[in-house]
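User: I would like to understand how the terms used for a protein model are justified. Could you take me through the reasoning, starting from the definitions?

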Amino acid sequence: MSASGPIGASVTPSAPAGPVGRLVDQFQSGLDAPICLTWELTYACNLACVHCLSSSGRRDPRELSTAECQAVIDELQRMQVFYVNIGGGEPTVRRDFWELVDYATAHDVGVKFSTNGSRLTPAAAERLAASDYVDVQVSIDGATADVNDAVRGPGSYAMALTAMDRLAAAGFSGFKLSVVVTRQNAGQLDDFQAIADRYGAQLRLTRLRPSGRAVDVWDELHPTSAQQRELYAWLSDRGERVLTGDSFFHLAPFGDPLPGLNLCGAGRVVCLIDPVGDVYACPFAIHESFLAGNVRDQGGFTAVWRESALFAELRRPQTAGICTSCEHFDSCRGGCMAAKFFTGLPLDGPDPECALGHGETLLAARGGQQVPRSSPDHSRVRPLDRACDESPLAGTALDVLLA
Amino acid sequence: MATAFDPGRAWALDPQVALRSERFGALAYHFGTRRLSFLKSQKLATVVRSLADQPSGHDACLAAGVAEHEMAAYERALATLATSGMIAERPSA
């Protein structure tokens, strides 16, 4: 799926001065239930985006059944999780996709799902337009077909625009046009806005994380520091009109914080459930180091959320290493845990894209060190490549897609 | 949807809003606008929960134990919730 910052909701603090202290401190120590979570329903996908953060492609035979998904939704209802960001893979390829969406909304769990648009038939668009409780985000990663298709694959731009045509024709206004900002599309922000305006959609820009397959392409795809600065200025000008899934808080040192919570909610107020029921701290951290448990375990999702040792650790005060002495620490808080992890940087230090350039210095000092890779990999690879699984080059076949 | 807040009138939580109790107060989520609000005090959460049972916003504040010197702050908080459509005016009984 495309990068989907977990907290997509607009945020209004409603606060007569109270004794509770700062909200970020409340959230840092974790809530009894997530505010929302990301749920990748399947690893199956008809596309093979080079930067897929869940390394999707093939369906996993251990995928949660319809009944198991419904049991998770029952738990989310009891915990009062307000909504789920459904992704994948391409979630609509699941035969029970609409059944699960209906089940969630009937059980007070709102749904926002990410799609490449391939299965958004006119009938599906009308169904979506009729529901207040279901939101959809269509992913494109280029405002032009050439820029988009180089990353998401041939024909994917036209496919997404067809889906948006159908949503607009069905009268669905305010759906989301979701874009992962890259070096190649960072100069197209106004063009993305124009596309969104044309469809009555809302633009959503999120950060490219070096997660999943993106670990192989991050060096070439992540925006330059000059682009980061321009992106920050562009977002600042637009305020709440452009959604960001709270994903650019590491840019706060450029000026005032952008709208949103501006904290890493991983394992504290958000998490990820993957297609086989594994619960990770966040959607950008599909790696055994961030695996908290499985919804099939005794006690289900609730027990994982409330009792996992990993989440307990994340909810303790964190050490920030050299960032502690930085005057901007309060706004950027050291940036994104997953971005650090998958670039091989220490977690208690600056983000690789630190606005002050401290990350770049560390990246340069890394040398040829191996970076961690997402452990589950459902990429569609040719049999020849599977035979090479033990080689350190395993998985690099994906680079071919960039050629 | 959003209406200007008059504490003398009768209010209620919008039917599309879910309120979840938290240590710090409550979280409110509007399923229609997908907006999240943080109610950063238990007393404010109590006020919002009791709106539907009280003849006016002001009465809801008094019933929840909001003191005179706190009233302006609580009415401002309710006004914010009215602006974002979390609470809506209801016909007086």
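Analyst: Two strands are said to pair if DSSP finds at least two bridges between them. Please keep in mind that this is a predicted model. In chain B, Ala26(B) stands opposite Leu39(B), which belongs to β4(B).

User: What makes β3(B) and strand β4 (residues 35–39) of chain B a pair?

Analyst: DSSP must find at least two bridges. β3(B) and β4(B) are joined by five bridges, in the antiparallel sense. The requirement of at least two is met, and therefore the strands pair.

User: How do you know that strand β2 (residues 17–22) of chain B also pairs with β3(B)?

Analyst: The argument rests on the bridges again: there are six between β2(B) and β3(B), and at least two are required, so these strands pair. Their sense is antiparallel. One of the bridges links Arg20(B) to its partner Leu27(B) in β3(B).

User: What connects the strands in each hairpin?

Analyst: Two residues lead from β2(B) to β3(B) in one hairpin. In the hairpin of β3(B) and β4(B), four residues lie between the strands, and Arg34(B) takes a positive phi near 60°.

User: Why is strand β3 (residues 25–30) of chain B called mostly covered?

Analyst: A residue is buried if 20 or more other C-beta atoms lie within 10 Å of its own. Six of the six residues of β3(B) count as buried, and therefore the strand is described as mostly covered. By the same cut-off, 52% of the 403 residues of chain A count as buried.

How values were computed. Residues are numbered from 1 along each chain as its sequence is written. Chains are lettered from A and ligands numbered from 1 in the order in which they are written. This is a predicted model: local features need pLDDT of at least 70, side-chain atom pairs count only at pLDDT 80 or more; totals for chains, interfaces and linings use all residues. A residue is buried if 20 or more other C-beta atoms lie within 10 Å of its own, exposed if 12 or fewer, and partly exposed in between; C-beta atoms are placed from the backbone.
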